[in-house]
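Colleague: I'm new to this one. Can you walk me through the charged side chains and one of the helices?

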Amino acid sequence: EALQHSLNVPAVAALESVGARRFASTLGAAGAGLLMPADADDEAGLAIALGGAGMTVRELALLYAALGDEGRARPLVWLQEEVRRADPRRQPAVQVMSPASAREIVSILALAPAPDGRMPAQLTQNAPLVAFKTGTSYGFRDAWAAG
């Protein structure tokens, strides 16, 4: 419920139990380095649980793709030329979480309340189940949804 509704206190508590440095290091190893605000020190703290650091849309996509790949983050392939040059299945994968944890997170996000204007997938005939997460960027510059 906390994840589905973006509750801040449980997010910070979860990050505190993992450790902000360890979390930031894992993201970096997966290919998604955190961008710290210009007025912040170089240390990633608990504020990263609340969007206190940034990342590119491509990095965000890489991490969400890892959820669907049993917790394995792989380099993304965007262009047809990239597919011909290297088979993405041969690219090194970084295990950012256990397969069980990845499946649990996808399951939780699939049960999140549907956004306005969209009927819940389980009520639509033959519609794919959609797992998504919404959020805001640092400084509330924009809003996003990833699925």
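Modeller: Let's fix one term before we start. A salt bridge is a side-chain nitrogen of Lys or Arg within 4 Å of a carboxyl oxygen of Asp or Glu. Keep in mind that this is a predicted model.

Colleague: How many salt bridges does that rule give?

Modeller: The count is three.

Colleague: Which residue does Arg72 pair with?

Modeller: Arg72 bridges to Asp69, N to O at 2.8 Å. Arg74 also makes a salt bridge with Asp69, at 2.7 Å from N to O.

Colleague: And what does Arg103 pair with?

Modeller: Glu70, with the closest N and O atoms 2.7 Å apart. This pair links distant parts of the chain, 33 residues apart. Arg103 sits in helix α5, residues 99-110. Glu70 lies in the loop between α3 (57-68) and β1 (72-73).

Colleague: Which residues end up in one network?

Modeller: Asp69, Arg72 and Arg74, through salt bridges that share partners.

Colleague: How accessible are the arginines?

Modeller: Arg72 is partly exposed at 26% relative accessible area. Arg74 is partly exposed too, at 24%. Arg103 has 47% and is also partly exposed.

Colleague: What about Glu70?

Modeller: Partly exposed, at 28% relative accessibility. Glu70 follows α3 and has a positive phi, near 60°.

Colleague: Switching to α3, then. How far does α3 reach?

Modeller: α3 has twelve residues and spans 17 Å from its first C-alpha to its last. That is close to the 16 Å expected at 1.5 Å a residue.

Colleague: Which residues of α3 are buried?

Modeller: Glu59, Leu62, Leu63, Tyr64, Ala66 and Leu67.

Colleague: What covers them?

Modeller: The cover includes α2 (20-30), β1 and α5. It also includes β3 (133-136) and β4 (143-146).

Colleague: Hang on, Glu59 is on that buried list. Where is the nearest side chain of opposite charge?

Modeller: That is Arg58, 8.5 Å away. A salt bridge needs the two atoms within 4 Å. Glu59 is buried and has no salt bridge.

Colleague: What does the Glu59 side chain reach instead?

Modeller: It reaches the backbone nitrogen of Thr56, at 2.8 Å.

Colleague: And which residues does Glu59 touch further along the chain?

Modeller: Leaving out residues up to four places away in sequence, Glu59 touches Gly31, Ala32 and Gly33.

Key: Residues are numbered from 1 along each chain as its sequence is written. This is a predicted model: local features need pLDDT of at least 70, side-chain atom pairs count only at pLDDT 80 or more; totals for chains, interfaces and linings use all residues. Side-chain values use heavy atoms; hydrogens and water are left out. Buried means under 20% relative accessible area, exposed over 50%, partly exposed in between (1.4 Å probe, protein chains only). Helices (H or I, at least four residues) and strands (E, at least two) are DSSP runs, numbered from the N terminus. The expected span of a helix is 1.5 Å times one less than its number of residues. Contact means heavy atoms within 4.5 Å. Lys and Arg count as positive and Asp and Glu as negative; His and the chain ends are not counted. A polar contact is a pair of N or O atoms within 3.5 Å; within protein, one must be able to donate a hydrogen and the other to accept it, and residues adjacent in sequence count only if both atoms are side-chain atoms.
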